[in-house]
Amino acid sequence: MAIILQLLFTGLGIGAVYALVALGFVLIYRATNVVNFAQGQFAMLGGYCMVITTVDLGLPYWLGILITLVVMAGFGAIFNLGVYYPLRHRSFLPVVISTIGASILITNLVLGLYGPEPTTLPGVIDFPGVSLGAVFLDSQYLVIIAVTLILVLLQYFFFEHTLVGKKMQAVSQDKEVASLLGINVTGMIMLTFAYSAVLGGIAGVLVAPILFVSVGLGAQIALKAFAASIIGGFGDVPGAIAGGLIIGVAETLGAFYISVPYKDAFAFILLFAFLLIRPQGIFGEKVSQKA
Amino acid sequence: MKLLELSEVSAAYGAVQALRGLDLVVGEGEIVTLLGANGAGKSTTLRSISGLLTPNAGEIRFAGQVISGLHPEKVVRLGIAHVPEGRRVFPGLSVRENIMLGASNRRIARAEMARDTAEMFALFPDIARFADTLGWMLSGGQQQMVALARGLMARPRLLLLDEPSLGLAPLIVQQVFRIIARIRETGTTVLLVEQNARIALSVADRGYVLETGRLVVSGKPDALWNNEEVRAAYLGGKRLSEEQKPA
Amino acid sequence: MSSARTPFAWAMVLVIGLALVLVLPINGYLMNLLMQASTYAIAVLGMTVVLGYTGQINIAQAAFFGIGAYGVALGTTSLGLPFFVALALGAVVAAFFGLVLGGSTLKLGGHYLAMVTISFQEILTLVLTNWISVSHGPDGVANIPRPRLGALALDTSPHYLAVCLVFLFVAAGAVAGLKSSRLGLAMQSVRDNELAAGVIGIDTYRVKIIAFATSAFLGGLGGGLFAGAFRYISPDQFAFDDSVVLLTMVLLGGVDAAIGAVIGTALLILLPEWLRFLKQFYLAVYGLAVILIMVFMPQGIWGFLSGLFRRALPIPAGPLAPLVLGEAVESAEVLLAVEGLAKHFGGLRAVDELDFEVVRGRVHALIGPNGSGKTTTLNLLSGIYKPTAGRIRLAGRDITGLAPHVLARAGIGRTFQNIRLFHSLSAFENVLIGAGRPGESGQDGESRRQRALSALDFVGMVARAHVPVASLPYGHQRLIEIARALAANPTLLLLDEPAAGLNLTEKQNLVALLRRLRGHGLTLLLIEHDMDLVEQVSDRITVLNFGRRIADGTPLEVLRHPEVVAAYLGEVAEDEAA
């Protein structure tokens, strides 16, 4: 019993990271109908930004986080201008391929600048964690779960109770009408990309102390986050969170009970199962084609 | 006074030339209606005015200023609100939020926005009790009310209405048109695209009939109603007799 | 270039190429590059089929490449199979995985397919790395033998390169030939407009699966040859990054042509050599190149070049046969019977309890205000929507809820309100895809080509046959769409607002065309807003409002019907003053 609780805790922690990246996926998808295959690289960049500011430059942890958030927001905006904006009137395929190109570009730029060796990042707090009976609650996992919870609540507040949030929703539902009402559509999409990059960056900062910071970090997280968003129901915000947590728990349990080497396969097996049995995901509407 | 003037406007969707040198004038305070069959270029005219489509020739002036080619966000700030065909209420936002966002063209405080929204609920009492209902849950008539209220929130000098009767039951259509008549009393100029010729002409001061992107005939409602070409465009009924005249 | 000389010219190119490879002294390094390029190019040709022709994304080509490579490696070393048997085995296994993968996800949208292929790629890498007892794990497989052909040992590098080149030539020729074949045109029609492809009788799901399996097969074939070329393989050669490389190759060269695949592969194999000065940044430049290609050269290098001198399918010369359209029947038999038909979208009753009958050989018009359910009715009749309730019978046969391509084969043709042509093809190619009902006799290529031309001639567009449809004016596009439907020899033709957007002259021509069709005994069901036209051509009119039938009868009766007048001109009810 204690083992299961321990695994659940760990799974929820790692799942929360997937959920954050999946959330970024979903927000961009809803605003632009684009599936951003470079979303994972945002997390990788966030991790590296932390390493550079706090380890290499020796800045305080809080300042590192602050700088990372600002850099990520700026990066999201540049990403929008370079990768999405020139292709905004084109069909699905060119844009997807362009984001794949961006993902290669980012990965290899970092690889060229920083080399292939993984680096470590210390946790947010020095304190190792608490024991709850036989279950050990690692502090970094606690931080991840807490931060994810706070972010989800903040995001809920932002979209439900601020005017800018409403405008962003309006843009994702009907761009043409939004522009007719005088809403700055281009600006709102820019904001969506910036915010998604920040979400990805935070996920990277959070997960960096657990996994090593390496150029492979992005792809590893992104694929599972993407699987999470499909399992949850593509384009659905609560679905992305639920999907992330499910995958985190499933792969933790699977690694323990079934096979460690195949740990990374469980997310995909789960995805296949969903696509065959319930392609619309947990919360999604039935997929249908409009004439 | 001319509020809106289109001169020699042409516009196309890709290879499809939808407007071919259209001239049109709307005076301050008028209700002007555009009539014509599907594909005649009525909606295209509205889309060109509001900036959703950039004309490939000609000029559009609003209150003396050239607006052709301006982005929709700029056009609405000058005081032109476009209520598009099919209502296009934001499905995932509440009625209140839909209406509130109509004021996005004005730089006003949130409190003022809330006040204006309350005014709209006074003007459209039927939708007031659905204030917190999501857009997609409304009926077509209720959606049309929301779309109108959202358009009026922009405090427009000129309101562009695209087929407000589309898909609505006759009783609801009358309700909508009573509101359109009332909108004019507030001093707002209206350019109305409508398939329902009879009801459109019953509120309009003047009408234009388009065919394949060109102006065919224009004039007062009575004259248009008795015009053979207009009747032909709508019912093909050259044989249809006098008894169908509006009361 | 005449079609008879083309294969001969290409055969000469192959012979010269082989001679050069076998005679010239090529150093080991260049030899490796050439072997890599020729085997990769075969896999990239698979991408041409799936992405270029059919428009379906596949980010797992390196996985299929890997399956083929391991097929040869394990087949020869572990199972002791002859090289070519192992090669065939690997390619077939790859195709099988393509079939399964495609079969389970091709009904879903594009991003699902992208994700599924990536997942497959990741799982394969994990399996190759961890199933050590079979795959030899991360160490890979060494000492892979090269083939013998009877007494001829093909194990020197020049000989083996020659083998690869022969395979590449055959594959490239097959892929190039596929493009103008019936299947290839079907693939392109799915890519350009899946909905329209369905209603002219193409089983779009099947075509997509075939494309996917073909792509996987070519991937496996290339991979198998790759294993023989380098005699050593390991799992890291077939990872996600390599799939992206294969994707980039096809995009850079041009997705739409076999030659594009070869150009793209050659360039990207050589590019690292040229970009060597960039050292570790060359892959970054690679990523940047992908974005720039998408933004500035979406058709790729070959697409860009060939756009300058595009060649459509050759058009058969000779006298034209008149178009044969069924047999004229004056039996007054009911061809189409609609009973209690309903389609609800959530709470909206777009079509509700609709009944009407269309008599064979007549022109029947469906009219009503915008939003009254006319197009929804047509979508139900052509299988695009499944009805919520009700029955549809065609010549007595229950056809309710059948798929669009099945209905097309049963004899229902249609056009769309917003014209849906295959925009990257010529007028002739568009009509050819629809020509002849699949499954009918007399379906050889020549008679289908003749039929397509006759159909074009019938609508008066034969002179524009070779023109890409995208550059035709709107009115002509409407006629091409009608010709495409006619080429399938429909029993019932559904026309959705054929006059919309036409000018007066074009409308008059349309009236004449519709009358000629009626004269040939074709049954027409027509949605139209232009009452003048409706009055001139239709024998019977059904009027819809709010998804229900409000009137049915001859034009004279219907257009005087008070409810119809009210629905169209607007009702002024008694309570207006209130």
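The numbered points below comment on a predicted model, taking the contact between two chains before the pairing of strands and side chains.

1. On the extent of the interface between chain C and chain A: 42 residues of chain C are in contact with 43 residues of chain A. The area buried between these two chains is about 3600 Å², and carbon and sulfur atoms give 81% of that area. Within the area that chain C buries against chain A, H111(C), Y112(C) and M115(C) supply 18%, which is more than any other three residues supply.

2. On the elements that make up this side of chain C: α4 (83-105), α5 (110-130), α11 (240-253) and α13 (282-296) of chain C each supply at least two residues of the side that touches chain A. The largest share comes from α5(C), with 14 residues. By residue class, the side of chain C that touches chain A divides into 30 nonpolar, ten polar and two charged residues.

3. On specific polar interactions between the two chains: the count of salt bridges between chain C and chain A is zero, while the rule finds two residue pairs in polar contact across that interface, both at pLDDT 80 or more. A reader who wishes to set this beside the composition of the surface may recall that carbon and sulfur atoms give 81% of the buried area, and that two residues on the side of chain C touching chain A are charged.

4. On strand β3 of chain C, which has two pairing partners to consider: eight bridges join β3 (residues 334-345) of chain C to β4 (residues 348-359) of chain C, and these strands run antiparallel. Five bridges join β3(C) to β6 (residues 389-394) of chain C, again in an antiparallel arrangement. A convenient residue for following both pairings is A337(C), which stands opposite E357(C) in β4(C) and has R393(C) as its bridge partner in β6(C).

5. On the salt bridge that involves the β3(C) and β6(C) strands: the side chains of E339(C) and R393(C) meet in a salt bridge at 3.3 Å, N to O. The pair links distant parts of the chain, with E339(C) in strand β3 of chain C and R393(C) in strand β6 of chain C, 54 residues apart. R393(C) is thus to be read in two roles, as the bridge partner of A337(C) and as the side chain that meets E339(C). A search of the whole structure finds 31 salt bridges over all chains.

6. On aromatic pairs: a search of the whole structure finds 26 of them over all chains. One is formed by Y40(C) and F65(C), and is edge-to-face, with 5.2 Å centre to centre and 75 degrees between the planes. Y40(C) lies in helix α2 (residues 28-53) of chain C and F65(C) in helix α3 (residues 61-77) of chain C, so the pair ties together parts that are 25 residues apart in sequence.

7. On the sheet in chain B: four strands form an open sheet in the order β2-β1-β4-β5, and the pairing is antiparallel. The edge strands are β2 (16-27) and β5 (65-66) of chain B, each of which pairs on one side only. Strand β1 (residues 2-13) of chain B pairs with β2(B) over eight bridges in the antiparallel sense, with L24(B) in β2(B) as the bridge partner of L6(B). With β4 (residues 57-62) of chain B, β1(B) pairs over five bridges, also antiparallel, and here L4(B) stands opposite F62(B) in β4(B).

8. On two hairpins of chain B, each with a positive phi in the turn: β4(B) and β5(B) are joined by two bridges and run antiparallel, with V66(B) in β5(B) as the bridge partner of R61(B). These strands form a hairpin with two residues between them, where A63(B) in the turn has a positive phi of about 50 degrees. The other hairpin is made by β9(B) and β10(B), likewise with two residues between the strands, and T212(B) in its turn has a positive phi of about 40 degrees. Strand β9 (residues 206-211) of chain B pairs with strand β10 (residues 214-219) of chain B over five bridges in the antiparallel sense, and the bridge partner of E211(B) in β10(B) is R214(B).

Key:
Residues are numbered from 1 along each chain as its sequence is written. Chains are lettered from A and ligands numbered from 1 in the order in which they are written. This is a predicted model: local features need pLDDT of at least 70, side-chain atom pairs count only at pLDDT 80 or more; totals for chains, interfaces and linings use all residues. Side-chain values use heavy atoms; hydrogens and water are left out. Two strands pair if DSSP finds at least two bridges between them. Contact means heavy atoms within 4.5 Å. Buried area is the accessible area (1.4 Å probe) that two parts lose on being put together, summed over both. A salt bridge is a side-chain nitrogen of Lys or Arg within 4 Å of a carboxyl oxygen of Asp or Glu. A polar contact is a pair of N or O atoms within 3.5 Å; within protein, one must be able to donate a hydrogen and the other to accept it, and residues adjacent in sequence count only if both atoms are side-chain atoms. Ala, Val, Leu, Ile, Met, Phe, Trp, Tyr, Cys and Pro count as nonpolar, Asp, Glu, Lys and Arg as charged, and the others, Gly among them, as polar. Rings of Phe, Tyr and Trp (its six-membered ring) pair if their centres lie within 6.5 Å; planes under 30 degrees apart count as stacked, over 60 as edge-to-face and the rest as tilted.
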